Amino acid sequence: MSTIETVTATTTAIPPTAELLEAAFRKYVLRYLNLLDRVPGGAVLLRYIKSSYRDDPIRSLIEFSLVIFAATYFFSSKKKENRRDLLTLSKREIDELIEDWQPAPLVEPVTEAEKWRLEDMVVKGENSSHISIVQHPEIPSAVNLAGTDFLNLNADQRMKDAARQTINSAGVGACGPPNFYGTQDAHVRLEEDLARYLNTESAILYGQDLVTAGSVIPAFLKRGDLAVVDSGVNQAIQKALIVSRCDIVWYKHNDIDHLEQVLGELQGVLANQKPLRRRFIITEGLFAYSGELAKLPAIVALKNKYKYRLFLDETLSIGTIGKLGRGVCEHFDIDRDEISITIGSLANAFSSSGGFCAGVEPMIHHQRINSNAYVFSAALPPYSARVGSEAIKLISEDVTGDGESRLLQVLHQLLRQAYDKLTDNLKDSKYFEVKSSRWSPIIHLGFKDEYRNVLELPEVYGNNVLLTTGKPSKKQNPFNVKYTLECYILQKIINATLSKDHVLLNRTRIVYEQENLPVLSPRLLIHLNIGVTWEELSAVLDDLPSVMNAICKEVESPADLDRLYNEMISQ
């Protein structure tokens, strides 16, 4: 080979210069870029590329290379990793792996001390004031003092006819979320009926009452907002506050003095913060765990003084308290406008299902767009909505001369008689006393403090991490033997009353391990129902003290609790 040929061959191996790259860019790339004119919006992109190229062609080339690299990385890198990690197994190896696989349990196994809880009552047929229990065929009809159908509307023929007519025309399901095709005329009518009944501008329905608080609170309270909350609220509100991630300050259960102290201490802190934070006081009208009535007039005065909004859960007070069952606002003669957000349940006094929120129109409209359970969950079944409207009519139509619903008049009369008789019957008892408000349709009976001290039982159970820090504990409440023993004693009273008087009572039923706040000691519960005659109710109230005495006199020391524990695990 000649010297010239050698030089030529060597020269061709030199990398292309910037001039050559620019020429190639002009010849090939720009030809295809011009096709962008045919794509909608492509002219703008093409104009940017041409302008950039004239200013700095090398930058355009680098940008183009980065776009190609990014597209290649995102569309092919995962596939390559999957192919690298793919392990081919034979059928025999797959079968061996399946045979050896042991899935982890979804829940903790039931301990010996908890097995007795599995023996619960199953109702056969209609769930009303008188029921048939599958486990007790020897009892043809038991008086039901364990349900929340306080006005006995489950047995009302008008309610049954309304449900039947709606099922015949609309079926049994809404078949979709409200914002799509789940809303039907029955839902619209019930929202209008609820707004008129509660004297509010508007109302919104939820398919499940338990998730109502869990959707409404996070729709209005976000990270950085403030909630001042009664420490006795139910689990649904507890979980809703956790989901919202707002800042939480707790005040002692139903303690107005402590609430005012908390609001006063926060006032100085909030005054120096910008921008303004959304601030709510959150409480229940009738507390599910204690049976106490919220001191609403004092709370309203404080929320006005310190410029807070008020969130009120009337799950148990709607349909039971007030002349027309409009809840604690009617009971205390407080304008509903003082309450920014009212939520409640249709599954108790209204004998339907689902929940609702009532208030001003902008607040309701905001939920139709931002509330998770409304946007993403199926709507309330149409027949449930129709039954809810019928319940409001039954409560509101038949009214006495002084403006009280006759259904509520019967319930309130039954309440007064029951509380008076129980208070009189238990005045000499060394074991039990009435713990709830005289207006609560669920009468709470709990151990007296003296008896608790003898047995060395605490007044409250569980951790107080959420109460002290505002943040949920990372650990669940551990199993508590004493809490379970209390429940076991109450269940023995329930079983004895059912056998003797053919009356079914109830007790506190919560998932103790799931509670984030300290838990009150278990209570024996008497759910009043206007379908039960005074003679039937009076008979069980007279027998109850003797049943309590017979069971509790066998447990009068910590040593007796040990014996009871052995009995419990042997069940």
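A cavity here is a set of points on a 1 Å grid over the protein atoms alone where a 1.4 Å probe fits but cannot get out. Keep that in mind for the opening view, and note that everything below comes from a predicted model.

**Figure 1. The largest cavity and the residues around it.** By this rule, the count comes to four cavities of 30 Å³ or more. The one in this close-up is the largest, with a volume of about 100 Å³. Its lining is made up of Pro178, Thr183, His187, Glu191, Leu205, Tyr206, Gly207, Ala373, Tyr374, Ala378, Ala379 and Leu380. Sort those residues by type and you get eight nonpolar, three polar and one charged. Three elements, α8 (185-198), β4 (202-206) and α15 (372-376), each put at least two residues into this lining.

**Figure 2. Strand β10 and the strands that pair with it.** What covers the two faces of β10? Nothing is left open here: Gly355, Cys357 and Gly359 on one side are buried, and so are Phe356 and Ala358 on the other. With five of the five residues of β10 (355-359) buried, the strand is largely enclosed by the rest of the structure. One partner is β4, which pairs with β10 in the antiparallel sense over five bridges; look for serine 202, whose bridge partner in β10 is glycine 359. Another is β9 (residues 341-345), joined to β10 by four bridges and also running antiparallel to it. In that pairing, serine 345 stands opposite glycine 355.

**Figure 3. Cysteines 329 and 357, with no disulfide.** The structure holds zero disulfides. For cysteine 329, the nearest cysteine sulfur is that of cysteine 357, and it sits 13 Å away. Since a disulfide needs two cysteine sulfur atoms within 2.5 Å, that spacing doesn't qualify. Are these two side chains buried or exposed? Cysteine 329 is buried, at 2% relative accessible area, and cysteine 357 is buried too, at 0%. Cysteine 357 also turns up in Figure 2, on one face of β10 together with Gly355 and Gly359.

**Figure 4. Strand β17 and its antiparallel partners β12 and β15.** Both faces of β17 (residues 524-527) are covered: Leu524 and Ile526 are buried on one side, and Leu525 and His527 are buried on the other. In a regular strand the side chains alternate between the two faces of the sheet. Strand β12 (residues 442-447) joins β17 through four bridges, with the two running antiparallel. To find the register, start from isoleucine 442, whose bridge partner in β17 is histidine 527. Strand β15 (residues 506-507) is antiparallel to β17 as well, with two bridges between them. Here asparagine 506 stands opposite leucine 525.

**Figure 5. An open sheet of four strands.** In what order do the strands of this sheet come? The order is β1-β2-β3-β14, and the pairing is mixed. At the edges are β1 (123-124) and β14 (503-504), each of which pairs on one side only. Strands β2 (residues 130-133) and β3 (residues 142-144) run antiparallel and are joined by two bridges. Isoleucine 131 has alanine 142 of β3 as its bridge partner.

**Figure 6. Two loop residues with a positive phi, asparagine 199 and lysine 307.** Most residues other than glycine have a negative phi, and most peptide bonds are trans. Asparagine 199 has a phi of about 60 degrees although it is not a glycine. You'll find asparagine 199 in the loop between α8 and β4, and at 49% relative accessibility this asparagine counts as partly exposed. Lysine 307 has a positive phi too, near 65 degrees, and is likewise not a glycine. This lysine belongs to the loop between α12 (296-306) and β8 (309-313). Lysine 307 is exposed, with a relative accessible area of 62%.

**Figure 7. The span of a UniProt domain annotation.** An unreviewed UniProt entry lists residues 143-422 as "domain: Aminotransferase class I/classII large". Over that span the chain is 47% helix and 14% strand. The C-alpha atoms at the ends of the span are 18 Å apart.

**Figure 8. Asparagine 549 in helix α21.** Helix α21 covers residues 534-552, and asparagine 549 lies in it. With 31% relative accessible area, asparagine 549 is partly exposed. How far from lysine 222 is asparagine 549 in space? The two are 51 Å apart, C-alpha to C-alpha, with a sequence separation of 327 residues.

Technical notes. Residues are numbered from 1 along each chain as its sequence is written. This is a predicted model: local features need pLDDT of at least 70, side-chain atom pairs count only at pLDDT 80 or more; totals for chains, interfaces and linings use all residues. Side-chain values use heavy atoms; hydrogens and water are left out. Buried means under 20% relative accessible area, exposed over 50%, partly exposed in between (1.4 Å probe, protein chains only). Two strands pair if DSSP finds at least two bridges between them. On a 1 Å grid over the protein atoms alone, a cavity is a set of points where a 1.4 Å probe fits but cannot get out, and a pocket is an open set with protein on both sides within 12 Å along at least five of seven lines; lining residues have an atom within 4 Å of a point. Grid points are joined across faces, edges and corners, and a volume is the space filled by probe spheres set on the points. Ala, Val, Leu, Ile, Met, Phe, Trp, Tyr, Cys and Pro count as nonpolar, Asp, Glu, Lys and Arg as charged, and the others, Gly among them, as polar. UniProt positions are given in the numbering used here, feature names are shortened, and annotations may be inferred rather than shown by experiment.
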